[in-house]
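Reader: I would like a close look at a single part of this model, namely the surroundings of one bound ligand. Please take the contacts one at a time and then describe the wider setting.

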Amino acid sequence: MTSEIDYTQDERKLATYLNTLAALFAVSGLAVLILPYALRNAPFFVAPPFFVTNTIAGLWLMAYLSWCSAADVRRYRAMIAVVFGGLLIGAVSFVALSVRTGPPIQDAPLLIGFGLCAAAALGLAWFVRKAQMPAPPWLPWITDKPTTGAETFARVVFGLFGLASLFAAAGSVLASYFNVALMTDLLVNPFMIVGSAIKIGVLGLCALLAAYDPRRFSQHVQMIIALVAGHAGSLIAIAIVALSGYAPFGDYSLVVGGATVGLGVIMFGAWLLDVVIIVAFLYFNRRINLALLDHIGFLNPTQFRALEAIAETLVAGKMHERVPPHEIVLRTDSYMRSFRSNRLGLAKLAMMGLQLSPLAWLSPPITYMHPAARARFVDLRFKREIVDTSALYRFFDGVMRAINRVLLRFTGRSGSELDAALSFTGMLEAMMRFNMQLTYLGYYNNPAVWPKREDGSGIGYTPFSQREKTFEVKPIRAHPPLTVMTPTILDQEGIDVIDDADVVIVGSGPGGAILAEQMLEKGRRVLILEKGLYVHPDDFSEDEVDMISRLYSDGALQISQSLRFTILQGSAVGGTSVVNNAVCFDTPQRVIDTWNARSSSGKVIDDTAYFDSQQKVRARMRIKKIAEGTRKPLDAVLNHGDSLITSAVKSYFAGREDAYEYDVVEANIVDCLGCGYCNIGCKYGRKLSMLDEVLPAAQHKHGADNMRIISEANVTQLTESSGKITEVHAVVTGGRKLLVRNPKTVVVSGGTIHSSWLLMQSGIGKANKLPIGKGLCFNMGSPLHALFDRKVTAYDGLQIAHYLKVHDHPGFVYETWYNPPVAQALTMPGWLDTHFRNMQNYDRIAAVGVLVGTESNAHIVPALFTGGPDVVFQPTQGDLNKLVDALVILGNIFFTGGALEVYATTRRYQPYVNQSAVLRAQSQVDALRDLVKHDYDILLGTGHPQGGNAIGTSPANSVIGPDFKVFGYSNLYVCDASVFPTSTTVNPQLTVMTLAHYAAQFVQ
Ligand SMILES: Cc1cc2nc3c(=O)[nH]c(=O)nc-3n(C[C@H](O)[C@H](O)[C@H](O)COP(=O)(O)OP(=O)(O)OC[C@H]3O[C@@H](n4cnc5c(N)ncnc54)[C@H](O)[C@@H]3O)c2cc1C
Ligand code: SF4
């Protein structure tokens, strides 16, 4: 990290000098504003109020320019020149006033004023001359496209404004040369005349620069914003003086066209002029910004520049950086514009929050800062002061807690949610994490950063299409393509109402799809409404960002209310099965026992029938241990980090073989090619997802009329009448509204969170107070990364390939795990330079994920600002302890297997180094127990949310009965992961599919 600013000693002095000037100007402006009222009748302040407010604005403008230019003296040389110009205007004006022979004015300030301006200007010239000024280390990007009409127009306007301003500045001083009686009163105070001239003159200089090169002086050096700031200062000063009264300044009036214009009118006119100029200049600034950034689709120009500057800081290996920051942001922008999500607003807020955050420490916004100062600021305020919480942050945490307490009371929620609410430090951390995610999406998705070069730079990633192969890569398409009604087809056919629906299923994931297939087998007709896109596997690509935006719910930005817990879910025809790893575990008997134990009146699940369904699903989905097929040998198919992990596990448990179970995973994958892209969709038809297998097979067998699928149809409301759902309302992409009237049966299979949300939004179960959206649980995950002394290329091969269970720790499971670059960057431990360094070792790192089944203590509430569902969750201490236990064991396994370093995703970044003394390394990993005391101490997330509509025998603690029917409703069912009363700990999709198969017998 370039934390040391590479300024020369003299440049630092220049910056300090500018900051000192800024402080003096700002304080002087305040003094001129306050003192006339504090020292009533002091003759010094007798002056026309419009000169006084101009002087205040002029001093503040000079303060602003000095303050901004001190942030990066190399980049803001032009701004320093303007400050110098302002001082010169002051000095020359004082001289001009002292040599004139006109009406009498105060003499004393002339000398003082001249002395101050001249000394300040000389000082500035001296510091500038001494300072070495090479080119700035980094400048915001400017396109070289031809000048637009808007820019040409802006040039003319700024040019005219600049000339007029300089003329007016000169005029305000030279007027005193003319012995015009009516001006005698106005020209009484030279200090205020000069102050006014400085303001107008400096604005003129800024405008002329903007006219000279509108691109450079709006993007590199923000002169148009300076013009706006100058007028804003004037506007504020006028407003304060108007509100405080004109008494200290005397009574003034002007005669215009024979009419006498009073002071109030003059000041209002000046104020109005400021407003008009501000609006006009902001408009021009926007037009120039838009002309330069006309290709961005989601971010606005300010956000673009903010993220560009942040990306410049976050991708910290300056020597080896391969992608300029603007290219990173252009990619991020195209990702963000490609999907709809109410979380996108949060991402924008995070960008702007970070951009403006330096103001709290009296520094200019992020985009103005010298890159090294920016890096230092981000590191200090967004990491170090969070890790070792500073007194200030503790104070704000307390304030935020008090606000949360009031909010909870106000919204009628329980005070026990307080710990799961957003804290001040949590907010800063989340702000940073959003910015990091958006940067890494744009950076690591760029092929330029993938190859490893001789100097060691690059992450060493080769996409599957470019890897050497001795086997044939040919997609298997076992069934004809699906027939799906997309919004375009609905538009073309003018479909608004569907009257003939038999079974309507909301959602097409494992729950919805398996149930649909079973209902078709029973002779029913099915209509599936799916809010995600329909993407044919032929259209899957290796572009992670593109696939994430198309296949994930909220573009993978879904996060809990505390902004500490990421919740990944798919959203597409086929549901999360399109992006999952297809790993299958039988439902543990203890899980079914726990579910049954919740009932005091008979079994919730009939074990025999349930496990019979499980066997049928296993056969249907061809669930087997991964075996070699087209690609040989098996080790080549599996995650290439696994051979190291396998030998590490064996060494660690040597002599304790009955203490653990370690094996290749079972999955609904056949003849895997080991491309490593399960999480962005299997292009090759080897993963038997709902999209590849269940939906097309069922539709092919039963006909597209009997199995209709409508994609991009977001079901927003279920309408009931006397306990029966009579209408299903959906909004289709593009805005079309779709109504399904009088369906016989409605099954909600939108997955955890979204199924509960739909029921909550529809007011289902309100009357009998069903616990909808309560009791959510997760397989909470956190990975451990291990660096080896050789190339591991863990990205090559099946992402999750082995599992490990430790028998005396039934609360967690391990799975080997690795990702293509973007996904890996999002969880790679480290911060700024350490993150960059770890990513440079991407091909030497292996990782294992830990899954802990949490207690069912989360619930859903309406999100306060963004709309949609918010998950309130804080892991219990017991769950957190299980996770840490698991990580410590895993760390020791890695070291036994020869890992050089081990990294956890802890808030306090800490690499654990194997110094060949294994015992020493092991005791280091034990330190994790001290490091992780709270959920904010470690990055947590899940791809396995469960619960929210628990199955059971009583409406007091369950939403659906053993027949999957919502209590109190005659034709409404829920069938998906949301019906789990407790978490499975093991991967849940086989349980979801089994439940769907089992539920079919009850659905009428
Ligand atoms: C990256 C990742 C990897 C995973 N890997 C594994 C694994 O290896 N093994 C495993 O067992 N599990 C895995 N899972 C979890 C597993 O995929 C899910 O538990 C399972 O898919 C849940 O099935 P479901 O039917 O409940 O919901 P989903 O599969 O989530 O399907 C719900 C569907 O409903 C749609 N929907 C939601 N609301 C509405 C609405 N209002 N209107 C219309 N449509 C709606 C959604 O768009 C979605 O397509 C993984 C999950 C992720 C995110
Ligand atoms: S690794 Fe995953 S995506 Fe690739 S072929 Fe195998 S199942 Fe398909």
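Author: In this predicted model, a polar atom in the side chain of Ser571 sits 2.7 Å from an oxygen atom of ligand 1. Two asparagines approach nitrogen on the ligand: an N or O atom in the side chain of Asn714 is 3.3 Å from a nitrogen atom of ligand 1, and for Asn987 the corresponding distance from a side-chain N or O atom to a nitrogen atom of the ligand is 3.5 Å. Of the 1,000 Å² of accessible area that ligand 1 has on its own, the protein covers 96%.

Turning to the shell as a whole, ligand 1 is surrounded by 38 residues, and the closest of them are Glu530, Ser571, Thr576, Val583 and Gln989. By character, the shell around ligand 1 divides into 21 polar residues, 14 nonpolar ones and three charged ones.

As for the elements that build this shell, at least two residues each are supplied by helix α17 (510-521), strand β12 (713-721) and helix α30 (989-999), and the largest share, three residues, comes from β12.

For context, ligand 2 has a shell of its own, which includes Cys672, Cys675, Cys678 and Cys682, together with Arg686 and Lys687. The residues around ligand 2 divide into eight nonpolar, two polar and two charged, whereas those around ligand 1 comprise 14 nonpolar, 21 polar and three charged.

Notes:
Residues are numbered from 1 along each chain as its sequence is written. Chains are lettered from A and ligands numbered from 1 in the order in which they are written. This is a predicted model: local features need pLDDT of at least 70, side-chain atom pairs count only at pLDDT 80 or more; totals for chains, interfaces and linings use all residues. Side-chain values use heavy atoms; hydrogens and water are left out. A residue is near a molecule or strand if one of its heavy atoms lies within 4 Å of it. Ala, Val, Leu, Ile, Met, Phe, Trp, Tyr, Cys and Pro count as nonpolar, Asp, Glu, Lys and Arg as charged, and the others, Gly among them, as polar. A polar contact is a pair of N or O atoms within 3.5 Å; within protein, one must be able to donate a hydrogen and the other to accept it, and residues adjacent in sequence count only if both atoms are side-chain atoms. Accessible areas come from the Shrake-Rupley method with a 1.4 Å probe; for residues, only the protein chains shown count as cover. Helices (H or I, at least four residues) and strands (E, at least two) are DSSP runs, numbered from the N terminus.
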